[in-house]
Structures are given as structure tokens and as C-alpha cells.
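Please load the model in your viewer and keep the selection panel within reach, since this tour proceeds by selecting residues in turn. Each stop says what to pick and what is there.

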Amino acid sequence: MNKTEFIKLLAQKMDTSAVNADKSLKIVFETIGDAIAKEDSLAFVGFGTFKTTISKARKVKTPKGDIVDVSEKRIVRFSPGADLKAKAASRK
């Protein structure tokens, strides 16, 4: 499923237009991003948890064989909750 298909499904469930569903989805994504920027984790019980971790600076080898430095950076990780895992497992 791509974003357009998801927005159509969301609009049906919200009983609204696709434009309104798209606006709502953008607001939710923006708010999640803002919350993760302020805190190191964001938990939705049953759905899952977004956590940030720091990847350490390191040296990597490029496909051409050069060694380059990769700087330290924040990475966002998602761990699905029990309800989401159960829904995914029930799909056949």
C-alpha cells in the first residue's frame, strides 16, 4: 500500500475527504517529529514506541575502496507494540 491508497482508506474511516485526511496525516507526522525532536522516546501503548539512539562516529570503506569518516548522528528506531504485532501476525 502506498501513501495515496492509505489516505483513501483513512478518508473512508474518518468519513471525510481525501484532502482532509491528508492534512490530518501530515499534522500527525509533524507532531510525532516535533515530539521526537524534544524527547528521546514517544510511546503509544499497543501501537509502538519511537526511540532515538546515537550512532557513534566511525570510519567506513566506500565501494571504490576509500576510507571515509562518518560523523555521529541521531537515528530514530521504531519498536511495534503488542496490538500491532498481533494484527500483523493475523494477516495470512
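In what follows, a residue is called buried under 20% relative accessible area, exposed over 50%, and partly exposed in between, with a 1.4 Å probe and protein chains only. The model is a predicted one, in which local features need pLDDT of at least 70 and side-chain atom pairs count only at pLDDT 80 or more, while totals for chains, interfaces and linings use all residues. Residues are numbered from 1 along each chain as its sequence is written, and side-chain values use heavy atoms, with hydrogens and water left out.

**Stop one: the pocket**

Begin with the largest pocket, where a pocket is, on a 1 Å grid over the protein atoms alone, an open set of points with protein on both sides within 12 Å along at least five of seven lines, and where lining residues have an atom within 4 Å of a point. Select Phe6, Lys13, Leu25, Val28, Phe29, Ile32, Phe44, Phe47, Phe50, Asp83, Leu84 and Lys87, which together line the largest pocket. The space in this pocket comes to about 350 Å³, a volume being the space filled by probe spheres set on grid points that are joined across faces, edges and corners.

Which helix gives the most to the lining of the largest pocket? Helix H2 does, with four residues, while H1, H2 (18-38) and H3 (82-90) each supply at least two residues of the lining; helices here are DSSP runs of H or I with at least four residues, strands are runs of E with at least two, and both are numbered from the N terminus. Colouring the lining by class gives nine nonpolar, no polar and three charged residues, where Ala, Val, Leu, Ile, Met, Phe, Trp, Tyr, Cys and Pro count as nonpolar, Asp, Glu, Lys and Arg as charged, and the others, Gly among them, as polar.

Stay with the lining and pick phenylalanine 47, which lies in the loop between S1 and strand S2 (48-55) and counts as partly exposed because its relative accessibility is 41%. Measure from there to aspartate 83, and the C-alpha atoms should be 6.0 Å apart, although the two residues are 36 apart in sequence.

**Stop two: the first helix and the loop after it**

Phenylalanine 6, another residue of the pocket lining, is found in helix H1 (residues 3-14) and is partly exposed, since its relative accessibility is 36%. Add Met1 and Leu9 to the selection, and the three form a nonpolar surface patch with about 310 Å² of accessible area together. Patches are made of residues with over 30% relative accessible area and no salt bridge, like charges being joined within 9 Å and nonpolar side chains (Val, Leu, Ile, Met, Phe, Trp, Tyr) within 5 Å; the areas come from the Shrake-Rupley method with a 1.4 Å probe, and for residues only the protein chains shown count as cover.

Then move to aspartate 15, in the loop between H1 and H2, whose phi is near 55°, a positive value in a residue other than glycine. Aspartate 15 counts as exposed because its relative accessibility is 73%.

**Stop three: the salt bridges**

How many salt bridges does the structure hold? There are three, each being a side-chain nitrogen of Lys or Arg within 4 Å of a carboxyl oxygen of Asp or Glu.

Select lysine 26 with aspartate 22, whose side chains meet at 3.4 Å, N to O; the two are four residues apart in helix H2 and are therefore separated by about one helical turn.

Next select aspartate 40 and arginine 74, which form a salt bridge at 3.7 Å, N to O. Aspartate 40 lies in the loop between H2 and strand S1 (41-44) and arginine 74 in strand S5 (residues 73-80), so the pair ties together parts that are 34 residues apart in sequence. From arginine 74, a C-alpha distance of 6.3 Å leads to threonine 52, 22 residues apart along the chain.

Finally, select aspartate 69 and lysine 59, a salt bridge whose closest N and O atoms are 2.9 Å apart. Aspartate 69 is in strand S4 (residues 67-70) and lysine 59 in strand S3 (residues 58-61), so this pair ties together parts that are ten residues apart in sequence. Aspartate 69 counts as exposed at 58% relative accessibility, and lysine 59 counts as exposed at 60%.

**Last stop: a long distance**

Isoleucine 67, also placed in strand S4, is exposed, with a relative accessible area of 56%. Isoleucine 67 and leucine 84 are 17 residues apart in sequence, and their C-alpha atoms are 41 Å apart in space.

How values were computed. On a 1 Å grid over the protein atoms alone, a cavity is a set of points where a 1.4 Å probe fits but cannot get out, and a pocket is an open set with protein on both sides within 12 Å along at least five of seven lines; lining residues have an atom within 4 Å of a point.
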